[in-house]
Number of protein chains: 2
Amino acid sequence: MALLGHKEKILIFLAKRNALSESVETSTLELAKALKISQQTASRLLIQLEEEGYIVRRRYGKVRRVKLTERGLRELLDVYLTLKGILERPIEVKLEGRVFTGLSEGAYYLQIPYYLRQFEEKLGFKPYPGTLNIRLMDRDSIMNRILLEKAADIRIEGFKDGKRTYGGAKCILAKLNDRETVAIVFIERTHYGEDVIEVVAPTCLRERLGLRDGDRVYVCVKLPSKNLYQVALRDYRA
Amino acid sequence: MALLGHKEKILIFLAKRNALSESVETSTLELAKALKISQQTASRLLIQLEEEGYIVRRRYGKVRRVKLTERGLRELLDVYLTLKGILERPIEVKLEGRVFTGLSEGAYYLQIPYYLRQFEEKLGFKPYPGTLNIRLMDRDSIMNRILLEKAADIRIEGFKDGKRTYGGAKCILAKLNDRETVAIVFIERTHYGEDVIEVVAPTCLRERLGLRDGDRVYVCVKLPSKNLYQVALRDYRA
DNA sequence: ATTACTATTTCCCGAGTAA
DNA sequence: TTTACTCGGGAAATAGTAA
């Protein structure tokens with residue numbers, strides 16, 4: 001909370017100590033230590049906060065107590081509700097790119113019954129046997145692709161059949177061009193780079209949308225904000 | 001949000017415009033107008049925020065775009081979660097005072113079947129026919145009494161019987177001395193002042209706790225924070 | 001011990017202006 | 001048009017210290 005102003009921090013400090021509902025004993029020195037400011041500054045800020053109507057201070061004999069006023073509560077609530085509105089709304093993550101023709105590997109895998117069954121069950125539709133390959137054009141899309149790969153929560157299991165190992169994948173549902181329900185498939189150990197996504201859908205998207213190589217398309221994923229923040233901060237915290 | 005620092009406000013401004021998940025076109029002048037600061041200050045603060053790692057700015061040809069970094073998101077989340085912890089925890093509202101003997105009016109009313117039935121149904125216990133009167137000793141308790149009267153959500157209806165009108169009341173459940181489950185009864189048009197509360201309980205509290213006139217007691221109400229803030233701000237907003 | 005005044009230093013804002 | 005530099009004035013922080 002490095003960017004918060006001292007006054008805001010003081011209100012938060014007091015509120016933490018229950019000064020929303022009762023008068024709380026608080027010395028200027030204590031406050032100063034907690035906020036890493038000088039005792040003098042703490043004193044001045046308390047005076048100002050009282051003048052501005054955010055807190056009330058009273059003496060009970062020698063003991064000095066501080067309580068937030070309704071205005072003080074209001075200040076905290078305003079900030080809280082503003083942030084809540086921003087941080088808890090679902091987030092649209094958008095990937096833009098151009099259609100290109102791949103090696104038809106996707107089509108091959110989609111015909112393997114073990115995969116097909118899983119896709120059908122977990123995606124809620126029977127995928128057309130072929131993937132639409134999209135090469136992402138800008139840095140934001142590529143960043144978002146990396147993010148989405150972490151957020152993708154539909155897991156397709158791999159398997160072995162004695163001869164070889166078939167890898168797994170992760171999917172996430174999305175909209176193509178705001179119209180078509182699709183799933184982005186993140187294949188484990190794909191031979192494509194991070195600038196490519198593969199998309200599956202119930203129908204042949206090329207036919208349905210008249211797409212040709214080089215056409216621009218965009219894919220949107222609506223993520224509950226909680227997921228996104230967990231994903232976005234997972235690495236940051238570590 | 002008068003107490004927030006400019007930098008915090010900038011992050012919020014950007015986040016509102018979706019700069020958490022994509023790069024957003026933002027000119028320094030626009031930002032300056034929104035935050036009521038000078039264009040120069042806006043420029044300087046953006047530079048600093050970038051140096052400090054809260055945002056990233058890029059040029060796409062002539063267009064300049066800004067996006068929050070994970071650190072920027074983290075800053076907002078930190079503040080949000082801190083405030084959430086404070087503002088959404090249940091709040092204990094405490095009233096302290098001394099027992100005194102009233103006019104036994106409470107006892108009279110509690111014997112009227114129309115009232116008695118309501119108390120029994122709505123409080124979840126059959127009240128001992130008599131109220132414990134408590135005179136509040138300090139300003140905080142009196143303030144909290146006024147607040148609680150507004151927050152009291154158990155409504156006892158009044159009635160007429162041809163001869164006269166019997167007034168209504170509002171109650172709220174509480175703990176006396178952290179032990180006894182009681183209800184504070186706020187009688188409409190009481191003849192007591194705002195420094196008095198009346199309490200009912202399943203048993204005779206004076207006997208059970210060995211209370212005499214002048215003994216100190218305290219009554220605690222645990223309020224879901226939402227209720228409290230609605231009540232606390234109802235007047236303030238108006 | 002605790003608060004808060006005064007003096008000094010540091011930092012921040014915004015005007016002017018260049019690129 | 002937009003960004004961002006320099007610089008002067010003023011606000012804010014701390015030190016010293018009184019009450």
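A polar contact is a pair of N or O atoms within 3.5 Å; within protein, one atom must be able to donate a hydrogen and the other to accept it, and residues adjacent in sequence count only if both atoms are side-chain atoms. This is a predicted model: local features need pLDDT of at least 70, side-chain atom pairs count only at pLDDT 80 or more, and totals for chains, interfaces and linings use all residues. Residues are numbered from 1 along each chain as its sequence is written, chains are lettered from A and ligands numbered from 1 in the order in which they are written, and side-chain values use heavy atoms, with hydrogens and water left out.

**Exercise 1. Describe the protein surface near DNA strand D.**

Step 1. Take the residues with a heavy atom within 4 Å of the strand, which is what "near" stands for here. There are 17 around DNA strand D, and A:Ser38, A:Thr41, A:Arg44, B:Thr28 and B:Gln39 come nearest. Sugar and phosphate make up 55% of the strand's atoms within 4 Å of the protein.

Step 2. List polar atom pairs. The side chain of A:Gln40 places an N or O atom 3.0 Å from a base nitrogen of DNA strand D. Phosphate oxygens of DNA strand D lie 2.9 Å from a side-chain N or O atom of A:Ser38 and 2.3 Å from a polar side-chain atom of B:Thr28.

Step 3. Assign elements (DSSP runs numbered from the N terminus: helices are H or I, at least four residues; strands are E, at least two). Helix 3 (39–51) of chain A, and helix 2 (28–35) and helix 3 (39–51) of chain B, each supply at least two residues.

Step 4. Sort by class: Ala, Val, Leu, Ile, Met, Phe, Trp, Tyr, Cys and Pro are nonpolar, Asp, Glu, Lys and Arg charged, and the others, Gly among them, polar. The surface near DNA strand D holds four nonpolar, 10 polar and three charged residues.

**Exercise 2. Repeat the analysis for DNA strand C.**

Step 1. Here 15 residues surround the strand, the closest being A:Thr28, A:Gln39, B:Gln40, B:Thr41 and B:Arg44. Of the DNA strand C atoms within 4 Å of the protein, 46% are sugar or phosphate and the rest belong to bases.

Step 2. A side-chain N or O atom of B:Gln40 is 2.9 Å from a base nitrogen of DNA strand C. Phosphate oxygens of this strand are 2.6 Å from a polar side-chain atom of B:Arg44 and 3.3 Å from one of A:Arg57.

Step 3. Helix 2 (28–35) and helix 3 of chain A, with helix 3 of chain B, give two or more residues each.

**Exercise 3. Characterise the interface of chain A and chain B.**

Step 1. Count contacts (heavy atoms within 4.5 Å). Chain A contributes 49 residues and chain B 50.

Step 2. Get the buried area, the accessible area (1.4 Å probe) that two parts lose on being put together, summed over both. The value is about 4,800 Å², with 64% from carbon and sulfur atoms.

Step 3. Search for salt bridges (a side-chain nitrogen of Lys or Arg within 4 Å of a carboxyl oxygen of Asp or Glu). Four cross the interface. One of them joins A:Asp140 to B:Arg58, with the closest N and O atoms 2.7 Å apart. Polar contacts link 16 residue pairs, both residues at pLDDT 80 or more.

**Exercise 4. Which relation links chain A to chain B?**

Step 1. Superpose by least squares on C-alpha atoms of residues with pLDDT of at least 70 in both copies. A turn of 180° and a shift of 0.1 Å along the axis lay chain A on chain B with an RMSD of 0.1 Å.

Step 2. Read the result: this is the relation of a two-fold axis. In chain A, A:Gly5 has the C-alpha nearest the axis, 2.5 Å from it.
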